[in-house]
Amino acid sequence: MERAIRYSKKREAILAAIRGTSCHPSAEWVYQRLRPLHPDLSLGTVYRNLTFFRAHGLVQSVGVVQGQERFDAITVPHSHFVCNCCGTVLDLPDIRPERDLERTVSAQYGFAVERCELTFHGLCPNCTDQQNFKEEPLS
Ligand SMILES: [Zn+2]
Ligand SMILES: [Zn+2]
């Protein structure tokens with residue numbers, strides 16, 4: 001009984017950690033964040049709970065970035081930008097591909113499209129600055 005209650009507290013803490021950030025965290029990030037408060041937490045528990053949340057529609061995966069799957073507590077369709085250099089994942093709430101793309105795909109391929117999200121890959125402004133700095137000739 002006590003185990004069940006403690007487990008559910010961890011589950012709540014994991015969900016709260018994902019909901020409390022816009023960084024689209026990995027399981028590892030959640031684990032590192034919660035470990036000081038929950039010393040008996042394991043990375044396996046974080047993974048199991050993420051799978052549970054995903055199955056229940058509480059989080060969605062935004063794919064694997066630099067070898068780690070990233071998660072989002074915002075489950076309505078929205079587009080993302082992923083930085084290939086630092087791994088930052090940003091929301092693009094104003095990019096609404098569903099308006100035109102869904103119609104195009106339905107018309108062209110005959111699919112009943114239910115959702116449409118785009119992921120852009122490239123360099124974020126910080127990493128662009130750093131690359132420009134590196135490319136500047138030494139004088
Ligand atoms: Zn970056
Ligand atoms: Zn997002």
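**Nonpolar core**

I looked first for the largest nonpolar core in this predicted model, and found that it has nine residues in all, namely Ile-14, Ile-18, Ala-27, Val-30, Tyr-31, Val-46, Leu-50, Val-59 and Phe-71. I then asked which elements give two or more residues to this core, and these turned out to be helix H1 (2-19), helix H2 (27-34) and helix H3 (43-55). Of these contributors, H2 gives the most, with three residues. I noted beside this that nonpolar side chains in soluble globular proteins tend to be buried together.

I took Val-30 as a member of the core to follow up, and, leaving aside residues up to four places away in sequence, I found that Val-30 touches Ile-14, Ala-17, Ile-18, Pro-25 and Val-46.

**Confidence**

Before going further I checked how far the prediction can be trusted by its own score, and the mean pLDDT of the protein is 90, with 91% of its residues reaching 70 or more. Confidence is lowest in H1, at a mean of 80, whereas H2 has the highest value, at 98.

**Positive phi angles**

I looked up backbone angles next, bearing in mind that most residues other than glycine have a negative phi. His-24 is not a glycine and nevertheless has a positive phi of about 55°; I located His-24 in the loop between H1 and H2. Is His-24 buried or exposed? I count His-24 as buried, because 25 C-beta neighbours lie inside 10 Å and 20 are enough for that label.

Gln-66, also not a glycine, has a positive phi of about 50°, and its place is in the loop between E1 and strand E2 (68-72). Unlike His-24, which is buried, Gln-66 is exposed, because 12 other C-beta atoms lie within 10 Å and the label applies at 12 or fewer.

I entered Gly-110 here as well, since this glycine takes a positive phi of about 75° just after H4.

**Helix H4**

I went on to helix H4 (residues 98-109), whose twelve residues reach 15 Å from the first C-alpha to the last, close to the 16 Å expected at 1.5 Å a residue. How many of the twelve residues of H4 are buried? The count is zero, and I therefore recorded H4 as hardly covered.

As an example from this helix I picked Arg-103, which is placed in H4 and counts as exposed, because 12 C-beta neighbours lie inside 10 Å. I also followed Arg-103 to Val-113, ten residues apart along the chain, and found their C-alpha atoms separated by 8.2 Å.

**Loop residues**

I looked at two aspartates in loops. Asp-40 is found in the loop between H2 and H3, and Asp-40 is exposed, because 8 other C-beta atoms lie within 10 Å. Asp-40 and Lys-10 are 30 residues apart in sequence, yet I find them 9.9 Å apart in space, taken from C-alpha to C-alpha.

Asp-94 lies in the loop between strand E4 (89-92) and H4, and Asp-94 counts as exposed because 7 C-beta neighbours lie inside 10 Å. For Asp-94 and Ser-79, 15 residues apart along the chain, I find the C-alpha atoms separated by 8.5 Å.

**Two domains**

Last, I looked up how the chain is divided, and the domain assignment of the protein gives domain 1 (1-74) and domain 2 (76-139). The centres of domain 1 and domain 2, taken over C-alpha atoms, are 25 Å apart. In the contact, domain 1 takes part with eight residues and domain 2 with eight residues.

Which element gives the most to the side of domain 1 that touches domain 2? I find that strand E1 (residues 60-65) does, with three residues. I sorted the residues on this side of domain 1 by type, and they divide into three nonpolar, four polar and one charged.

Technical notes:
Residues are numbered from 1 along each chain as its sequence is written. Chains are lettered from A and ligands numbered from 1 in the order in which they are written. Domain bounds come from an automatic or database domain assignment. Two residues are in contact if their C-beta atoms, placed from the backbone, lie within 7 Å. Helices (H or I, at least four residues) and strands (E, at least two) are DSSP runs, numbered from the N terminus. Ala, Val, Leu, Ile, Met, Phe, Trp, Tyr, Cys and Pro count as nonpolar, Asp, Glu, Lys and Arg as charged, and the others, Gly among them, as polar. The expected span of a helix is 1.5 Å times one less than its number of residues. A nonpolar core is a set of buried Ala, Val, Leu, Ile, Met, Phe, Trp, Tyr and Cys residues joined through C-beta atoms within 7 Å. pLDDT is the predictor's confidence in each residue, from 0 to 100.
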